[in-house]
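Me: I am new to this structure and should like to go through it step by step. Could you show it to me and then explain the terms as they come up?

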Amino acid sequence: MPQSPFPWRSFSSSSSSSSSSANWFRGFFFIPTCLALNTFLFILFYISSTSTPNPFPSQIPTHFSYSSSRLVSSRNLSITTLRVSQKVSLRNGNGGPPLSLHQTQPSSPLPSFGRGNHEQAEGVFHDEELFLEDYKEMNKSFKIYVYPHKRSDPFARSLLPEDFEPNGNYASESYFKKSLIKSHFITNNPKEADFFFLPFSITGLRNDRRVSVSGIPNFIRDYIFDVSHKYPYWNRTGGADHFYVACHSVGRSAMDKSSEAKSSIVQVVCSSSYFLTGYISHKDAALPQIWPRKEDPPNLVSSKRTRLAFFAGAMNSPTRQELVRVWGKDSEIFAHSGRLKTPYADELLKSKFCLHVKGFEVNTARVGDSIFYGCVPVIIANYYDLPFGDILNWKSFSVVVTTSDIPRLKEILKGINDEEYAILQSNVLKVRRHFKWHSSPVDYDTFHMVMYQLWLRRTSVRLPLMD
């Protein structure tokens with residue numbers, strides 16, 4: 001039989017012919033399969049050699065930068081828990097020095113002290129060089145316009161500075177107004193103003209029988225209405241370049257009937273709590289609650305601090321009640337309910353740590369008391385936006401714990417060794433000048449620190465006033 005020119009189409013009945021044909025058939029298809037496999041392997045090798053995969057896919061990125069108003073990660077990973085250090089710099093509309101905010105959001109509510117993995121606390125400022133540079137610029141260029149009022153105004157006592165020296169637990173509000181009015185920051189030309197001050201006094205309105213506590217929101221609503229209709233300054237920004245100051249706790253409801261103003265106006269308040277819906281951190285600012293003192297600080301070198309910690313005060317919150325319940329009979333932590341029989345200052349001077357415990361609000365004058373007497377403050381108040389937090393590094397001169405850590409308080413405080421405590425107390429003395437009011441403002445005192453907080457929050461673009 002003649003041989004077919006196409007052997008794969010020939011089928012013989014003999015086994016040898018059949019086997020030969022089958023082997024040839026399998027060999028024909030093996031060649032392109034090998035070529036395809038080799039091509040696939042070459043492609044994989046090329047991809048792996050030209051790409052740089054993350055060798056640590058489980059790590060969470062810790063460096064972030066701002067770009068085109070977006071937060072850009074150094075690695076394209078999804079994150080749920082992180083420690084972020086941010087530094088924001090915005091230049092003002094006149095091309096002047098940058099507006100700088102430096103903030104740290106810790107991954108734990110507790111500082112490093114007494115937590116095992118101790119980190120050496122840095123200086124008392126987040127960035128001292130930047131602060132000093134910006135402070136000089138603030139002193140030179142920052143301007144505030146105060147809405148004018150006459151002595152004949154029916155509410156003059158609540159709108160004008162007090163004639164007497166401020167005193168009492170909420171003196172910070174009055175001290176600020178008196179200091180501002182006599183300072184070089186005041187301008188009578190609204191066109192050069194960075195901020196506009198609404199000079200109503202929450203404490204004054206509270207004590208005015210025509211207004212009282214319940215009438216404060218109505219008064220503020222009407223006041224803003226009058227300002228926005230009588231002057232053009234409010235309407236150009238919706239109040240974003242306006243601010244008011246309040247230290248009394250009733251001030252947190254002052255804007256309840258002015259919802260639009262609440263979201264734009266800068267609130268400088270003692271009750272600076274993240275928990276309050278009306279308080280917006282880094283738009284608003286914390287005002288320290290400081291009891292006025294004329295005398296110089298005591299001679300701290302000769303003070304012998306034999307007690308671990310001290311607190312005394314009214315039982316006006318569950319946090320204070322829990323503190324006294326747990327430590328009220330302890331020999332090292334003195335937690336007292338009510339007034340003391342001994343001088344308050346003596347107890348502060350003999351204690352290493354002085355406890356600031358939340359009352360009706362997160363704020364009390366005890367932080368200022370502790371600092372004045374050289375006692376390291378222990379902050380026991382959740383969601384407290386601490387005063388001057390944009391500027392000062394609180395972990396360098398205080399201990400901040402959550403209310404849930406009250407049962408562990410002695411363990412935490414005793415976990416701070418002598419060297420660490422010496423650093424803390426030394427830094428307390430360094431920041432003391434920032435927590436003091438003066439009849440005539442002094443550089444770097446509380447007044448100037450509050451002004452610096454406002455300067456950080458000035459609008460980055462100044463809108464021109466219409467003639």
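Reply: Two strands pair if DSSP finds at least two bridges between them. Helices (H or I, at least four residues) and strands (E, at least two) are DSSP runs, numbered from the N terminus. The model is a predicted one, in which local features need pLDDT of at least 70 and side-chain atom pairs count only at pLDDT 80 or more, while totals for chains, interfaces and linings use all residues. Residues are numbered from 1 along each chain as its sequence is written, and side-chain values use heavy atoms, with hydrogens and water left out.

Me: Thanks. What is the strand order in the open sheet that has strand 5 in it?

Reply: The order is 5-6-7-8-9, and the pairing in this open sheet of 5 strands is parallel. Its edges are formed by strand 5 (144–146) and strand 9 (285–286), each of which pairs on one side only.

Me: How many bridges are there between strand 6 and strand 7?

Reply: There are 2 bridges between strand 6 (residues 195–197) and strand 7 (residues 242–246), in the parallel sense. Phe196 stands opposite His242 of strand 7.

Me: Which strands does helix 14 lie across?

Reply: Helix 14 (residues 446–456) lies across strand 5, strand 6, strand 7, strand 8 (266–269) and strand 9, and runs at about 160 degrees to strand 8. Helix 4 (residues 171–181) lies across strand 5, strand 6 and strand 7, at about 135 degrees to strand 7. For such angles, axes are lines fitted to C-alpha atoms, for helices over the stretch in contact, and the values run from 0 to 180 degrees between N-to-C directions.

Me: Which helix does helix 2 pack with, and at what angle?

Reply: Helix 2 (residues 128–141) packs with helix 14 at an angle of about 90 degrees, and their axes are 10 Å apart. Helix 2 is therefore roughly perpendicular to helix 14, a term for angles of 65 to 115 degrees.

Me: Which residues make that contact?

Reply: From helix 2 they include Leu130, Phe131, Tyr135 and Met138, and from helix 14 they include His448, Met451 and Trp455. Contact means heavy atoms within 4.5 Å. The residues of this contact divide into 8 nonpolar, 3 polar and 2 charged. Here Ala, Val, Leu, Ile, Met, Phe, Trp, Tyr, Cys and Pro count as nonpolar, Asp, Glu, Lys and Arg as charged, and the others, Gly among them, as polar.

Me: New topic: how many residues are in the largest nonpolar core?

Reply: It has 71 residues, and those with the most contacts inside it are Ile144, Phe176, Leu180, Phe243, Phe353, Leu409 and Met451. Helix 14 gives the most to this core, with 8 residues. A nonpolar core is a set of buried (under 20% relative accessible area, 1.4 Å probe, protein chains only) Ala, Val, Leu, Ile, Met, Phe, Trp, Tyr and Cys residues joined through side-chain atoms within 4.5 Å.

Me: What is Met451 in contact with?

Reply: Leaving aside its neighbours within four places in sequence, Met451 is in contact with Met138, Phe142, Ile144, Phe176, Leu180 and Phe185. Apart from the largest core lies another, of 30 residues, among them Phe200, Trp234, Ile265 and Leu276.

Me: And what is the order in the sheet that contains strand 11?

Reply: That open sheet of 5 strands has the order 11-10-12-13-14, with parallel pairing. Strand 11 (333–337) and strand 14 (399–401) each have a single partner strand, so one side of each is left without a neighbour in the sheet. On average, neighbouring strands are turned by 20 degrees against each other, direction ignored.

Me: How many bridges join strand 10 to strand 11?

Reply: 5 bridges join strand 10 (residues 307–313) to strand 11, and the two run parallel. The bridge partner of Ala312 in strand 11 is His336. Helix 9 (residues 318–327) packs on this sheet, touching strand 10, strand 11, strand 12 (351–357) and strand 13 (376–380).

Me: Let us end with single residues. Is Phe388 buried or exposed?

Reply: Phe388 is buried, with a relative accessible area of 0%. Its place is in the loop between strand 13 and strand 14, and its phi is near 60 degrees, a positive value in a residue other than glycine.

Me: Where does Ala171 lie?

Reply: Ala171 lies in helix 4 and is buried, with a relative accessible area of 1%. Its C-alpha atom is separated by 9.3 Å from that of Trp437, 266 residues apart along the chain.

Definitions and conventions: Buried < 20%, exposed > 50% of the residue type's maximum accessible area, 1.4 Å probe, protein only. Parallel < 35°, antiparallel > 145°, perpendicular 65-115°, else oblique.
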